[in-house]
Amino acid sequence: MNHLHQAFSVRFTYTVFFTTQLFTKANSLLSDFFRQQSTNDARKKLLFVIDSGVMDAHPDLQAEIRTYFTQHTDIVDLIPELLIIPGGETAKNEPIFVEKIVDAVDKYGIDRHSYVVAIGGGSILDLVGYAAAISHRGIRHIRIPTTVLSQNDSGVGVKNGVNYRGRKIFWGLLCRPLRFLMTVLF
Ligand SMILES: NC(=O)c1ccc[n+]([C@@H]2O[C@H](COP(=O)([O-])OP(=O)(O)OC[C@H]3O[C@@H](n4cnc5c(N)ncnc54)[C@H](O)[C@@H]3O)[C@@H](O)[C@H]2O)c1
């Protein structure tokens, strides 16, 4: 029987940065990163998705993010709507949260030059990584882990996924689209 035998390999690399007080004016880690990534052909947009538990613990976080990026409008465009999603396993159990992120990617024209940025525990990182990976076959993604577990595991690794009909991480994938990971202590 005639047949074709095909093979391909894809090599991904990413960097893990460690910092604290990420959105303070004195911390240029993020702005330096985006400046290095900037190209003339396309503006980069940032869509933030934030764990509700982090928001409860850090009520000024949204304002800090907005202030930070108003100082850097020359390099990136912050999407004004910051998505807040319930933290914990709920985020991975309810398909509506995948849809919410994918709908925002569509609504705000987040393309493959742009980034989806997740701030939260491992559940939110798993959810956002999955939604970013299935949108346009992989949007650039930044993970900002906020729990001890996620700073040691999902925040520095390459696994993404959500639960399906109560079965853990039934929908999921490895690796793509991670480009940049960060551990942050607020
Ligand atoms: N992808 C991977 O490689 C990997 C590895 C290990 C675990 N996981 C997944 O990670 C999940 C568990 O993650 P987790 O232990 O980080 O917990 P979590 O993400 O489930 O969060 C637990 C609770 O802490 C809250 N929270 C998060 N950050 C906070 C902060 N800074 N201040 C206050 N509250 C905060 C959340 O809102 C939530 O209520 C599981 O779903 C597990 O499957 C994934």
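In the predicted model, threonine 19 is part of strand β1, which spans residues 15-20. Its relative accessibility is 16%, so threonine 19 counts as buried, the cut-off being under 20%. The side chain of threonine 19 makes a polar contact of 2.9 Å with the side chain of asparagine 27.

The largest nonpolar core comprises 24 residues, of which Leu47, Ile85, Ile101, Ile110, Val116 and Leu127 touch the most other members. Two or more residues each are supplied to this core by β2 (44-51), β4 (83-85), α5 (95-107), β5 (115-120) and α6. Helix α6 accounts for the largest share, with seven residues. For isoleucine 110, with neighbours within four places in sequence set aside, the contacts are Lys45, Leu47, Ile79, Ala104, Val105, Tyr115, Val116, His136 and Ile139. A second core, separate from the one described above, has 23 residues, including Phe34, Phe48, Tyr68 and Ile142.

Histidine 136, one of the residues in contact with isoleucine 110, is located in the loop that runs between α6 and β6 (140-145). The phi angle of histidine 136 is near 50°, a positive value in a residue that is not glycine. Histidine 136 counts as partly exposed because its relative accessibility is 47%, and this class lies between the limits of 20% and 50%.

The largest pocket holds about 270 Å³ of space. Its lining consists of 15 residues, and those closest to the pocket centre are Lys92, Asp126, Asp153, Ser154 and Ile169. Elements contributing two or more lining residues are α6 (122-134), α7 (148-152), β7 (159-164) and β8 (167-174). Among the elements, α6 gives the most to the lining, namely three residues. Helix α6 thus appears both in the lining of the largest pocket and in the largest nonpolar core. Sorted by class, the pocket lining contains six charged, six polar and three nonpolar residues.

Isoleucine 169, listed among the residues closest to the centre of the largest pocket, belongs to strand β8. Its phi angle is near 45°, again a positive value in a residue other than glycine. With a relative accessible area of 40%, isoleucine 169 is therefore classed as partly exposed. Membership of a nonpolar core is restricted to buried residues, so isoleucine 169, being partly exposed, does not meet that condition.

Technical notes
Residues are numbered from 1 along each chain as its sequence is written. This is a predicted model: local features need pLDDT of at least 70, side-chain atom pairs count only at pLDDT 80 or more; totals for chains, interfaces and linings use all residues. Side-chain values use heavy atoms; hydrogens and water are left out. On a 1 Å grid over the protein atoms alone, a cavity is a set of points where a 1.4 Å probe fits but cannot get out, and a pocket is an open set with protein on both sides within 12 Å along at least five of seven lines; lining residues have an atom within 4 Å of a point. Grid points are joined across faces, edges and corners, and a volume is the space filled by probe spheres set on the points. Helices (H or I, at least four residues) and strands (E, at least two) are DSSP runs, numbered from the N terminus. Ala, Val, Leu, Ile, Met, Phe, Trp, Tyr, Cys and Pro count as nonpolar, Asp, Glu, Lys and Arg as charged, and the others, Gly among them, as polar. A nonpolar core is a set of buried Ala, Val, Leu, Ile, Met, Phe, Trp, Tyr and Cys residues joined through side-chain atoms within 4.5 Å. Buried means under 20% relative accessible area, exposed over 50%, partly exposed in between (1.4 Å probe, protein chains only). Contact means heavy atoms within 4.5 Å. A polar contact is a pair of N or O atoms within 3.5 Å; within protein, one must be able to donate a hydrogen and the other to accept it, and residues adjacent in sequence count only if both atoms are side-chain atoms.
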